[in-house]
Amino acid sequence: MNILNKFFSKKIALLIFLFPFFSNGQTTDSNAQSEVKYPQFKVQGLFQGRYLSGFTPGIDAATGLQHSDGEGVEDTFDIKRMRLGLTTKLSDGFDIVVLANFADVKSDPKNKILENAFARYIFNKNIGLMAGQFRPAFGLEELNPADILRSFDYSNQYTEFGNNGWASFQTGASVFGGFNLGKLPVSYAFSVVNGNGRNQVSDKDDGKQYSSRFAFELNKKHNINFGINGGIGEVFNTKVFAVALDLTADFRLADKLILQTQLEGKQGINHYLYYSLAAEYRTGNINDYEMRGAYFLPNLRYEIKYQKLTAIEFSCRYEYFDRSFKVNSNARQTYTPMAGLEFGKGYTGRIEMGMQFDNYKRNVANTTAYDNNLFIIQFQGRFF
């Protein structure tokens with residue numbers, strides 16, 4: 001009887017969650033349809049290519065893997081992303097989004113290539129629904145596509161929290177929107193996902209991961225926004241959690257000179273690490289395996305707007321991250337100074353050059369946990 005009650009309660013909750021999506025998605029306004037023709041299509045694309053040169057002998061420039069025999073490939077060209085996306089607008093407020101990264105075919109394409117694949121219905125500015133494969137809102141980086149990041153790539157903590165099902169591309173459903181708390185604008189998102197990454201045949205177990213985000217616009221002029229993120233879930237009948245705080249602030253120093261800043265910190269159970277270890281090499285308590293990290297990213301932007309050159313940028317992200325700070329701690333500190341040139345509107349064209357300095361608490365031979373200095377040149381072209 002308990003099994004039946006659990007089964008029907010889940011199904012009823014799911015129907016209640018999706019009922020507005022189906023009922024409103026099937027409603028048509030004859031007057032609106034006569035004025036605007038649907039479907040409408042929008043194609044987007046992104047190319048990111050890199051040249052990588054390592055300054056540490058024996059370490060692969062592309063993977064960061066240390067080779068004790070000194071046989072690492074220290075200089076290489078790399079295609080990081082070759083994305084192609086399609087947004088199909090079926091009616092006012094109802095669209096379907098697909099995004100694929102064809103650069104994934106250079107390695108094992110299993111569980112890769114397809115990134116976004118979701119349906120979205122926006123009732124009004126207060127509420128919208130989304131279902132499929134998408135990036136759940138859980139911090140600053142999850143809200144920004146790779147082509148407008150103010151550094152070479154996402155942070156180390158973004159990757160690890162993605163491995164644990166809180167960030168990156170996940171399969172599930174989300175409710176999002178915004179409202180005013182007095183005079184304070186607030187945006188929110190509630191998500192439930194399988195938590196085992198993209199393009200999976202099915203969930204890894206019967207557990208789900210639930211996350212939420214609230215962002216408060218404290219000052220629109222200076223883009224001061226404060227975000228609170230939290231998540232709970234169950235993985236192989238074990239409770240897991242994650243929390244995060246983030247802050248943005250922009251300061252116009254002169255007419256064409258602006259300082260843009262981001263600060264973000266996260267902490268949570270690293271069940272991905274825990275279950276990747278053999279039972280004899282881990283403790284019996286998953287709570288012993290917690291990850292935490294923080295980064296600060298200042299970006300100095302000079303809007304030159306000279307002929308085809310739009311802006312010049314200088315940034316230097318500092319990040320501290322430890323994927324298991326209670327057991328076998330090996331904290332990683334990363335400095336990423338970068339200079340960039342922007343061409344066109346919205347990073348249509350972009351050339352970046354800089355360094356990435358990785359320093360570990362201790363080096364582990366023949367792994368990626370090894371001190372590394374890397375020189376990077378990255379070229380980007382996008383259309384949208």
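## The nonpolar surface patch

Three strands each put at least two residues into a nonpolar patch on the surface of this predicted model: E1 (40–54), E2 (75–91) and E3 (94–101). E2 is the biggest giver, with 5 residues. The patch covers about 980 Å², and its members are Phe41, Val43, Ile79, Met82, Leu84, Leu86, Leu90, Ile96, Val98, Phe102, Leu114 and Phe383.

Take Ile79 as an example. Ile79 sits in strand E2, and with a relative accessible area of 42% it counts as partly exposed.

## How confident is the model?

On the whole, the scores look like this: the average pLDDT for the protein is 91, and 91% of the residues reach at least 70. Residues 1–9 are another story, with pLDDT below 50 and 1 contact in the model beyond near neighbours in sequence. Residues 11–30 also stay under 50, though the model gives that stretch 16 contacts beyond four places in sequence.

## Helix H3 and the cores

H3 spans residues 156–163, and 6 of its 8 residues are buried, so the rest of the structure largely encloses this helix. The buried ones are Asn156, Gln157, Tyr158, Glu160, Phe161 and Gly162. After H3 comes Gly165, which has a positive phi, near 90 degrees.

Now for the largest nonpolar core, which has 20 residues; Phe138, Phe161, Trp166 and Val240 touch the most other members. H3, strand E10 (238–252) and helix H4 (271–276) each supply at least two of its residues, and E10 gives the most, with 3. Phe138 has plenty of company: leaving aside neighbours within four places in sequence, its contacts include Phe161, Trp166, Asn229, Ala242, Val243, Glu264 and Lys266. Apart from this core lies another one of 6 residues, with Leu52, Phe152, Met338 and Ile376 among them.

## The loop before H3

The loop between strand E5 (127–134) and H3 holds Asp153. Is Asp153 buried or exposed? At 16% relative accessibility, it counts as buried. Not counting residues up to four places away in sequence, Asp153 touches Arg50, Lys80, Arg81 and Arg317. Its C-alpha atom is 9.9 Å from that of Glu141, which is 12 residues away along the chain.

Asp147 makes a salt bridge with Arg382, and the closest N and O atoms are 2.6 Å apart. Asp147 is in the loop between E5 and H3 while Arg382 belongs to strand E16 (residues 372–383), so the pair ties together parts that are 235 residues apart in sequence. Both Asp147 and Arg382 are buried.

## More salt bridges

Side chains of opposite charge can pair when their charged atoms come close. How many salt bridges turn up in a search of the whole structure? The count is 22. One pairs Lys208 with Asp203, with 2.9 Å between the closest N and O atoms. Lys208 is partly exposed, at a relative accessible area of 25%, whereas Asp203 is buried, at 17%.

Glu313 and Arg301 meet in another salt bridge, 2.8 Å from N to O. This pair links distant parts of the chain, 12 residues apart: Glu313 is in strand E13 (residues 309–322) and Arg301 in strand E12 (residues 290–302). Both residues, Glu313 and Arg301, are buried. They also belong to one network, in which salt bridges with shared partners join Arg301, Glu303, Glu313, Glu342, Arg350 and Glu352.

Conventions. Residues numbered from 1 in each chain as written. Predicted model: local features only at pLDDT ≥ 70, side-chain atom pairs only at ≥ 80, totals over all residues. Heavy atoms only, no water. Buried < 20%, exposed > 50% of the residue type's maximum accessible area, 1.4 Å probe, protein only. Helix = DSSP H or I, 4+ residues; strand = E, 2+ residues; numbered from the N terminus. Patch = residues over 30% accessible without salt bridge, like charges linked within 9 Å, V, L, I, M, F, W, Y side chains within 5 Å. Areas by Shrake-Rupley, 256 points an atom, 1.4 Å probe, with all protein chains shown as cover. Salt bridge = Lys/Arg side-chain N within 4 Å of Asp/Glu carboxyl O. Core = buried A, V, L, I, M, F, W, Y, C linked by side-chain atoms within 4.5 Å. Contact = heavy atoms within 4.5 Å. pLDDT = per-residue confidence, 0-100.
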